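Me: Hi, I've got a two-chain model open and would like to talk it through. Could you start with the surface and then work inwards?

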Amino acid sequence: MKYRVVQIEQNIMRKNDALAAALRARFAAEGTLVVNLLSSPGSGKTTLLEETLGRLAPRLRVGALVGDQATDNDARRLARSGAPVRQITTAAECRLDADMIGTALHGWHAGPLDVLFIENVGNLICPAEYDLGEDLRVVVYSVTEGEDKPLKYPLAFNTAQVAAVTKIDIADAVGFDRAAAYRSMREVNPALEILELSAKTGTGMDRWAELIEERLQRKAQPPAAVH
Amino acid sequence: MCSVFASTAGLAFDPVVRYGTVKASLSQVPKMFGSSIRKEVLVHELSVALSLLQGIEETASRDGIERVTAVHVRVGTMSGIAPDALRFSWELATAGTVAADSVLRIEDVPLAVRCERCGEDREPGAASGLVCPICGAICPTIVRGRELQLVAMEVPA
């Protein structure tokens with residue numbers, strides 16, 4: 001059968017990227033710092049976020065969007081902090097995308113926010129591909145996960161600025177090999193800032209809260225142009 | 001961006017994926033491709049297949065094309081796409097559309113990083129970090145391997 005070829009040449013992420021750029025402009029105008037949390041299921045994202053909202057809420061206007069394939073259990077848990085929280089149930093989708101964020105913001109009466117946390121669906125593959133208009137991408141990694149995980153899921157670690165190493169209180173008990181894990185992280189992202197945390201004991205939580213506040217200040221007061 | 005819906009009630013067991021009139025049980029997948037393909041990964045491929053289809057449908061409707069026999073795509077190894085799962089998803093997504101029974105031709109693009117020390121683009125092996133295979137330098141700048149592109153389609157002449 002004779003056929004002809006029709007050239008198309010189109011990046012299939014282009015729609016998401018355009019929506020993410022629009023969200024970024026909106027967040028910039030509103031002065032909201034947006035933090036996208038990525039991780040495998042069970043790394044402690046929700047526990048970290050629960051503790052973070054509780055710590056920041058007295059000083060800052062904080063809120064959270066929470067993505068899960070099913071249930072609103074996480075949103076219920078997080079709402080106990082008193083901060084506005086909205087669940088995004090993604091059904092078949094394995095990640096959040098910019099369109100879902102735009103839809104969730106619509107009609108959400110959270111008021112103006114200083115910091116918006118987005119808890120992505122627990123998965124290190126797909127969420128790494130989707131820009132949500134965030135300022136800060138944080139990969140949450142617990143000490144119970146393999147030390148070579150950054151090499152297996154390089155894009156998530158490569159595109160993040162911060163690695164939150166959670167459950168550090170049980171590092172010795174589970175034989176966590178710090179040097180090997182951090183070497184893997186550096187091999188995919190030498191600039192990655194690594195923070196050791198325990199939401200349970202509070203280790204590292206002050207530094208984590210400081211980092212968020214520093215980033216917020218930097219966003220609120222852009223550095224003077226260099227001449 | 002993607003219109004995929006699943007019954008959430010049975011999610012932990014065997015979600016039914018619906019798109020238009022297409023229904024498929026995700027439990028069919030391991031039987032077809034081996035248990036190495038995880039359900040969450042297939043869902044990702046299905047949403048990519050639907051985005052590809054959208055591009056095809058737009059072009060076909062613009063050019064008055066009624067049938068597409070093959071579709072060329074470029075997929076980077078870092079994009080998290082399993083080619084077999086994408087082919088399976090393509091079959092599901094295109095049933096009853098202009099691209100029904102079309103062949104998906106996938107061009108793999110290996111990961112390449114910029115090695116500043118060598119002054120060259122290099123291809124590290126799988127799961128070996130973003131490290132230059134020649135000099136061992138860490139190279140965080142990805143130059144190729146994240147592609148997810150709809151390249152072209154073949155239509156009857």
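Reply: Happy to. Chain B has an accessible surface of about 7300 Å², and 50% of that belongs to carbon and sulfur atoms. Keep in mind throughout that this is a predicted model.

Me: How much of chain B is buried?
Reply: Of the 157 residues in chain B, 49% are buried.

Me: And what secondary structure does chain B have?
Reply: Chain B has nine strands and three helices. Their order along the sequence is β-β-β-α-α-β-α-β-β-β-β-β.

Me: What share of the contacts in chain B is long-range, say at least 24 apart in sequence?
Reply: Taking contacts in chain B between residues at least 6 apart in sequence, 66% join residues at least 24 apart.

Me: Let's do sheets. Which strands make up the open one with mixed pairing?
Reply: That open sheet has four strands in the order 1(A)-9(B)-4(B)-5(B). Its edges are strand 1 (3–11) of chain A and strand 5 (103–109) of chain B, each pairing on one side only. On average, neighbouring strands in this sheet are turned by 20 degrees against each other, direction ignored.

Me: Parallel or antiparallel, where strand 1 of chain A meets strand 9 of chain B?
Reply: Antiparallel, over seven bridges, with strand 9 of chain B covering residues 148–156. To find the place on screen, look for A:Tyr3, whose bridge partner is B:Pro156, and for A:Arg4, which is partnered by B:Val155.

Me: What about strand 9 and strand 4 within chain B?
Reply: Strand 4 of chain B and strand 9 of chain B also pair in the antiparallel sense, over six bridges. There, B:Val71 stands opposite B:Met153 of strand 9.

Me: Why is strand 9 of chain B largely enclosed?
Reply: Because seven of its nine residues are buried, strand 9 of chain B is largely enclosed by the rest of the structure.

Me: Which helix lies across strands 4 and 5 of chain B?
Reply: Helix 3 of chain B, residues 83–94, lies across strand 4 (70–76) and strand 5 of chain B. Its direction is about 155 degrees to that of strand 5 of chain B.

Me: Now the inside. Which residues have the most contacts within the largest nonpolar core?
Reply: They are B:Ile56, B:Val68, B:Val71, B:Leu86, B:Trp90 and B:Met153, in a core of 32 residues. At least two core residues come from each of these elements: strand 1 of chain A, and helix 2 (39–63), strand 4, helix 3, strand 5 and strand 9 of chain B. Helix 2 of chain B gives the most, with eight residues.

Me: What does B:Val68 touch, leaving aside its neighbours in sequence?
Reply: Beyond four places in sequence, B:Val68 is in contact with B:Ile56, B:Val98, B:Ala99, B:Ala100, B:Ser102, B:Met153, B:Glu154 and B:Val155. Apart from the core we just discussed lies another one, of 31 residues, including A:Phe176, A:Ile194, B:Cys132 and B:Cys139.

Me: You've just named some cysteines. How many disulfides are there?
Reply: The count is zero over all chains.

Me: And are A:Cys94 and A:Cys126 buried or exposed?
Reply: A:Cys94 is buried, because its relative accessibility is 1%. A:Cys126 is buried as well, with a relative accessible area of 1%.

Me: Switching topic: where does A:Pro154 sit?
Reply: A:Pro154 is in helix 6 of chain A, which spans residues 154–159. With a relative accessible area of 14%, A:Pro154 falls under the 20% limit and so counts as buried. Leaving aside neighbours within four places in sequence, A:Pro154 is in contact with A:Val188 and B:Met78.

Me: How far is A:Pro154 from A:Leu192?
Reply: They are 12 Å apart, C-alpha to C-alpha, and 38 residues apart in sequence.

Me: Last one, backbone angles. Which phi value should I look at in strand 1 of chain A?
Reply: A:Glu9, which is found in strand 1 of chain A, has a positive phi near 50 degrees. Most residues other than glycine have a negative phi. A:Glu9 is partly exposed at 45% relative accessible area.

Me: What is the phi of A:Thr71?
Reply: Phi of A:Thr71 is near 75 degrees, again a positive value in a residue other than glycine. A:Thr71 is in the loop between strand 3 (62–68) and helix 3 (73–79) of chain A, and is partly exposed with a relative accessible area of 45%.

Technical notes:
Residues are numbered from 1 along each chain as its sequence is written. Chains are lettered from A and ligands numbered from 1 in the order in which they are written. This is a predicted model: local features need pLDDT of at least 70, side-chain atom pairs count only at pLDDT 80 or more; totals for chains, interfaces and linings use all residues. Side-chain values use heavy atoms; hydrogens and water are left out. A disulfide is a pair of cysteine sulfur atoms within 2.5 Å. Buried means under 20% relative accessible area, exposed over 50%, partly exposed in between (1.4 Å probe, protein chains only). Contact means heavy atoms within 4.5 Å. Accessible areas come from the Shrake-Rupley method with a 1.4 Å probe; for residues, only the protein chains shown count as cover. Two strands pair if DSSP finds at least two bridges between them. Axes are lines fitted to C-alpha atoms, for helices over the stretch in contact, and angles run from 0 to 180 degrees between N-to-C directions. A nonpolar core is a set of buried Ala, Val, Leu, Ile, Met, Phe, Trp, Tyr and Cys residues joined through side-chain atoms within 4.5 Å.
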